[in-house]
Amino acid sequence: MDSTRNQQFVSYLTKLFFILANLLPLYGVWFCNWDAKQIFLVYCMESIIVGLMTIGRMTLTGLFGPRTSQTSAKGDFSWVGLVLFFIVHYGFFLAIQMGIFFGVSNMIPRARGPFETIQAI
């Protein structure tokens, strides 16, 4: 019973920490004169880093992950297709997200759409 209480308390603290960590940029913009555009650029860079780390993890899992009798016999490389799919899908996500942001924020004034934004970057 004590173990369950400890797990609930740790879960509560974890949730509280993440809520406060996500409110920190909002506090900084409202009360400390932080530039919201720079915060979003940090978020974009973080998204790119997370995507690269995910590609690395997928590749390592595909190369060295657990094998079943079916995959080891065939020399299964289906994970390569999944990595390529992720790269295309996540790349479009990032391009559209940053295109919308740059279009709305006028950080790149000559861009008129997401593809021109990518070109301007």
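Student: Which helix of the protein has the lowest mean pLDDT, and which has the highest?

Tutor: This is a predicted model, and pLDDT is the predictor's confidence in each residue. Among the elements of the protein, helix α3, residues 69–74, has the lowest mean pLDDT at 56, whereas helix α2, residues 36–64, has the highest at 91. For the protein as a whole the mean pLDDT is 84, and 82% of the residues reach 70 or more.

Student: How many helices and strands does the protein have?

Tutor: There are 5 helices and 0 strands, and from the N terminus on the elements run α-α-α-α-α. Let us take α4 as our example: this helix has 28 residues and reaches 41 Å from its first C-alpha to its last, which is close to the 40 Å expected at 1.5 Å a residue. Just after α4 comes N106, which takes a positive phi of about 60°.

Student: Which residues of α4 are buried?

Tutor: A residue counts as buried when its relative accessible area is under 20%. In α4 the buried residues are W79, V83, F86, Y90, L94, A95, Q97, M98, G99, F101, F102 and S105. F86, for instance, counts as buried because its relative accessibility is 18%. Over the whole protein, buried residues make up 17% of the 121 residues.

Student: Where does F86 lie, and what is it in contact with?

Tutor: F86 lies in helix α4, which covers residues 78–105. If we leave aside its neighbours within four places in sequence, F86 is in contact with G51, T54, I55, M58 and G91. I55 shows how sequence and space can be read side by side, since F86 and I55 are 31 residues apart in sequence and 7.7 Å apart in space, C-alpha to C-alpha.

Student: How is a pair of aromatic rings described?

Tutor: Such a pair is described by the distance of the centres and the angle of the planes. The structure holds 7 aromatic pairs. In one of them, the rings of F86 and Y90 have their centres 5.1 Å apart and their planes at 15°, so this pair is stacked, planes under 30 degrees apart being counted in that way.

Student: How many residues apart are F86 and Y90 in helix α4?

Tutor: An α-helix has 3.6 residues a turn, so residues three or four places apart point the same way. F86 and Y90 are 4 residues apart in helix α4, and they are therefore separated by about one helical turn. Both F86 and Y90 are buried.

Student: Which residues make up the largest nonpolar core?

Tutor: The largest nonpolar core has 8 residues in all, namely C44, F86, Y90, L94, M98, F101, F102 and I108. Helix α4 gives the most to this core, with 6 residues. C44, another member of the core, is buried, with a relative accessible area of 0%.

Student: What does S47 touch, and is S47 buried or exposed?

Tutor: S47 has its place in helix α2 and counts as buried because its relative accessibility is 6%. Not counting residues up to four places away in sequence, S47 touches Y90, L94 and Q97, and L94 in turn touches S47 and I48.

Student: How many disulfides does a search of the whole structure find?

Tutor: The search finds 0 disulfides. C32 can still be read for its exposure: C32 is partly exposed, with a relative accessible area of 37%.

Note on methods. Residues are numbered from 1 along each chain as its sequence is written. This is a predicted model: local features need pLDDT of at least 70, side-chain atom pairs count only at pLDDT 80 or more; totals for chains, interfaces and linings use all residues. Side-chain values use heavy atoms; hydrogens and water are left out. Helices (H or I, at least four residues) and strands (E, at least two) are DSSP runs, numbered from the N terminus. Buried means under 20% relative accessible area, exposed over 50%, partly exposed in between (1.4 Å probe, protein chains only). Contact means heavy atoms within 4.5 Å. A nonpolar core is a set of buried Ala, Val, Leu, Ile, Met, Phe, Trp, Tyr and Cys residues joined through side-chain atoms within 4.5 Å. Rings of Phe, Tyr and Trp (its six-membered ring) pair if their centres lie within 6.5 Å; planes under 30 degrees apart count as stacked, over 60 as edge-to-face and the rest as tilted. pLDDT is the predictor's confidence in each residue, from 0 to 100. The expected span of a helix is 1.5 Å times one less than its number of residues. A disulfide is a pair of cysteine sulfur atoms within 2.5 Å.
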